[in-house]
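These are my notes on a structure that I opened to look up how its ligand is held. I began with the binding site and then turned to the domains.

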Amino acid sequence: MRVLITGAGGQIGRELVIALYRRGDQILATDIQPLNYSGIQTATLDVTNSQAMWEVLMDWRPQEVFHLAAYLSARSESNPYESWQVNFTATWHLFEACLEAGVQRVFWPSSIAAFGPHTPRAQTPQYTVMDPIGIYGIAKLAGERLAEYFYLRRGLDVRSIRFPGIVGPAHLPMGGTTDFAVHMFYDALQKGTYTCYLKPHTRLPMLYIEDAIRAILELMAAPPEALSIRGAYNIQGMSFSPAELEAEIQKRIPHFRCVYEPDFRQALAESWPETLDDSIARKDWGWKPQYDLYALCEAMWKALPLYT
Ligand code: AKB
């Protein structure tokens, strides 16, 4: 398979490059920052430069595109207009270019940020009230509608997942609201203390990185006729609050303590689901998470010494 990845230097991108490499794909990994992946072709690409993106697609002629370039939720609040250009306008341009380049399938991630304060927070249904308050979530919701529009009106095979927070050992995420989980592990090991920007009991849905990558690959491998959703699928892995994660970490590092100093990210987090109903993803393409909080912590303790 010949594939193109945008945002290949990010938290999902790095791990997806490895998974696709193992699958034997011919990869062009792009990012706005220069990448240094040995044995993989890379290019610098600013997705807001639609001409450059079009040229990359026309030159590389991928069969599959994984469009991961994004501004995450917290960073988006300090640059709302730029965030819209990256998260929505560039996605539109990419979909158009994919049609011209004859791309067979496109993966584009949505987010739990597409939900809002009037969404039911527990077992959030696939179809429900969606009134996001952050510009990132607004772009994700618009992107979901755009993905379905391109599928229905233009025949582009776009597939998407509403990702929760993603936790993995290899990358310290920046600019998101769910980043606290990875930062708490790193700071627990390096400093024995962590200052958390959310209140202790703010529960959010989370996914271990391996489950996230597997979800992308399984959704992309599903036969098109099996997919009943062309906006984005709910998926659920585990849910935990900062206090619950702190308690888990204390089982390994008893002196570890968190200090709670909530900031503007609290309002975003409170407007997002705690748990999601993912029954349609389970039925359509067999989604099933493998990691709960215990398994996530075990995996993190095993891998973190390589990165911290
Ligand atoms: C963020 O926190 O912005 C992201 C997301 C939930 O999409 N991790």
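How far from an oxygen atom of the ligand does a polar side-chain atom of serine 73 lie? I looked up the pair in this predicted model and found a separation of 2.5 Å.

I then went through the other polar contacts of the ligand. For serine 111, I noted that an N or O atom of its side chain is 2.7 Å from an oxygen atom of the ligand. For threonine 178, the partner is a nitrogen atom of the ligand, at 2.8 Å from an N or O atom of the side chain. I next checked the burial: the ligand taken alone exposes 260 Å², and the protein buries 93% of that.

I listed the shell next. The ligand is surrounded by Leu72, Ser73, Ser111, Ile112, Tyr136, Gly176, Thr177, Thr178 and Trp272. I sorted these shell residues by character and recorded 4 nonpolar, 5 polar and no charged. I also looked up the pocket and found that the ligand sits in the largest pocket.

I turned to the domains. The protein is divided into domain 1 (2-165 + 208-234) and domain 2 (168-205 + 237-274 + 291-306). Why does the ligand lie between domain 1 and domain 2? I noted that both domains give residues to the shell around the ligand, so the ligand lies between them.

Last, I looked up how the domains are arranged. Their centres, taken over C-alpha atoms, are separated by 25 Å. In the contact list, 25 residues of domain 1 are in contact with 29 residues of domain 2.

Technical notes: Residues numbered from 1 in each chain as written. Predicted model: local features only at pLDDT ≥ 70, side-chain atom pairs only at ≥ 80, totals over all residues. Heavy atoms only, no water. Near = heavy atom within 4 Å. Polar contact = N/O pair within 3.5 Å; in protein donor to acceptor, adjacent residues only side chain to side chain. Areas by Shrake-Rupley, 256 points an atom, 1.4 Å probe, with all protein chains shown as cover. 1 Å grid on protein atoms, 1.4 Å probe; cavity = no way out; pocket = protein on both sides within 12 Å on 5 of 7 lines; lining within 4 Å. Sits in = over half its atoms within 2 Å of the grid points. Nonpolar A, V, L, I, M, F, W, Y, C, P; charged D, E, K, R; others polar. Domains from an automatic or database assignment. Contact = heavy atoms within 4.5 Å.
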